[in-house]
Amino acid sequence: MSSDRVGDIRSVLEFYEAMGIDRIPVTLVEAKSSARAPQRQRQDAADAALTTDEKRERLAALREEIGDCARCKLSERRTKIVYGDGDPGARIMFIGEGPGKEEDLQGLPFVGDAGMLLTRLIEKMGLGRSDVYIANIVKCRPPLNRDPEDDEIATCRGFVERQASIIRPEVIVTLGRIALQTLLDNPKLRITAARGKFYDYKGIPLMPTFHPAYLLRNPGDKWKTWADAQKVMERIGMK
Ligand code: SF4
């Protein structure tokens with residue numbers, strides 16, 4: 001390794017130390033094995049030390065970058081792009097799979113019946129919707145609420161990953177199978193087996209739980225999601 005490179009690494013470490021950050025994002029130490037571009041890794045490292053106002057600005061800039069997106073076929077039948085909503089400085093970020101009918105009309109995530117259930121969960125945790133951040137893997141409604149397809153997920157997922165990198169919450173809660181499998185890059189994961197345990201997403205603890213739409217159909221499983229939420233609260237010292 002050249003002395004310039006060693007110097008670069010030293011200055012990054014000194015920067016982290018000066019910011020009071022005592023651990024390094026996985027993306028920095030995985031540089032050789034990661035397929036992600038070096039430019040993106042530098043961006044993640046820079047995102048790790050942002051103030052809430054800077055996070056707000058970067059989220060707004062990312063929204064501008066998305067624009068009137070037609071990068072995938074979900075653009076053809078959507079009404080509004082559902083970017084994400086909440087506190088840029090949130091300690092908890094919820095990530096679902098995609099907008100439904102009501103979300104598509106309003107341009108806001110989780111505002112239909114499933115959204116009301118999610119709101120009740122958040123309030124039961126002692127928070128409000130404005131205290132957390134909520135987004136989806138794809139930002140446009142799949143027709144007839146079908147699952148997003150692989151090519152749509154592959155095209156759109158970079159946006160929510162960028163949002164997570166900017167917000168850098170203390171915990172990410174994935175809602176349902178698609179968000180879990182996408183963020184952990186593992187199509188074999190099953191929500192019933194995976195829920196209730198913490199996983200690692202680029203240095204951020206990730207707790208999978210059921211999608212609220214599933215809980216509307218299977219109310220007997222609501223206690224399991226509450227148990228998962230309590231683990232999240234314990235993890236970040238809320239109880
Ligand atoms: S789902 Fe994502 S990639 Fe596809 S059109 Fe909407 S914003 Fe663009």
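How exposed is Lys 202, going by its relative accessible area? Keep that in mind as we walk through this predicted model; the tour ends at that residue.

**Stop 1: the whole chain**

Start with everything selected and coloured by secondary structure. You should find 11 helices and six strands. Of the 239 residues in the chain, 47% are buried. Now switch on a surface: the chain exposes about 12,400 Å², and carbon and sulfur atoms supply 50% of that area. If you draw contacts between residues at least 6 apart in sequence, 70% of them link residues that are at least 24 apart.

**Stop 2: helices H4 and H7**

Next, select residues 52-66, which form helix H4, together with residues 150-167, which form helix H7. Two packed helices are described by the angle between their axes and the distance between those axes. Here the axes come within 9 Å and cross at roughly 170°. Because an angle over 145 degrees counts as roughly antiparallel, H4 is roughly antiparallel to H7. The crossing is right-handed.

Show side chains to see who meets whom. On the H4 side, look for Lys 55, Arg 58, Leu 59, Leu 62 and Ile 66. Their partners in H7 are Phe 159, Arg 162, Gln 163, Ile 166 and Ile 167.

**Stop 3: two cysteines**

Pick Cys 69 and Cys 156. Are they buried or exposed? Cys 69 has 12% relative accessibility, so it counts as buried. Cys 156 is at 10% and therefore counts as buried too. A disulfide is a covalent bond between the sulfur atoms of two cysteines. There is no need to hunt for one in this model, where the count of disulfides comes to zero.

**Stop 4: Leu 144**

Now go to the loop between strand E3 (133-136) and H7, where Leu 144 sits. Most residues other than glycine have a negative phi. Leu 144 is not a glycine, yet its phi is positive, at about 55°. With the surface still on, you can check its setting: Leu 144 counts as exposed because its relative accessibility is 78%.

**Stop 5: Lys 202**

Finish in the loop between strand E5 (199-201) and strand E6 (204-209), which holds Lys 202. This is another residue other than glycine with a positive phi, here near 50°. And the opening question? Lys 202 has a relative accessible area of 22%, so it is partly exposed.

Note on methods:
Residues numbered from 1 in each chain as written. Predicted model: local features only at pLDDT ≥ 70, side-chain atom pairs only at ≥ 80, totals over all residues. Heavy atoms only, no water. Helix = DSSP H or I, 4+ residues; strand = E, 2+ residues; numbered from the N terminus. Buried < 20%, exposed > 50% of the residue type's maximum accessible area, 1.4 Å probe, protein only. Contact = heavy atoms within 4.5 Å. Areas by Shrake-Rupley, 256 points an atom, 1.4 Å probe, with all protein chains shown as cover. Disulfide = S-S within 2.5 Å. Axes fitted to C-alpha atoms, helices over the stretch in contact; angles between N-to-C directions. Parallel < 35°, antiparallel > 145°, perpendicular 65-115°, else oblique. Left-handed = near helix turned anticlockwise from the far one by under 90°.
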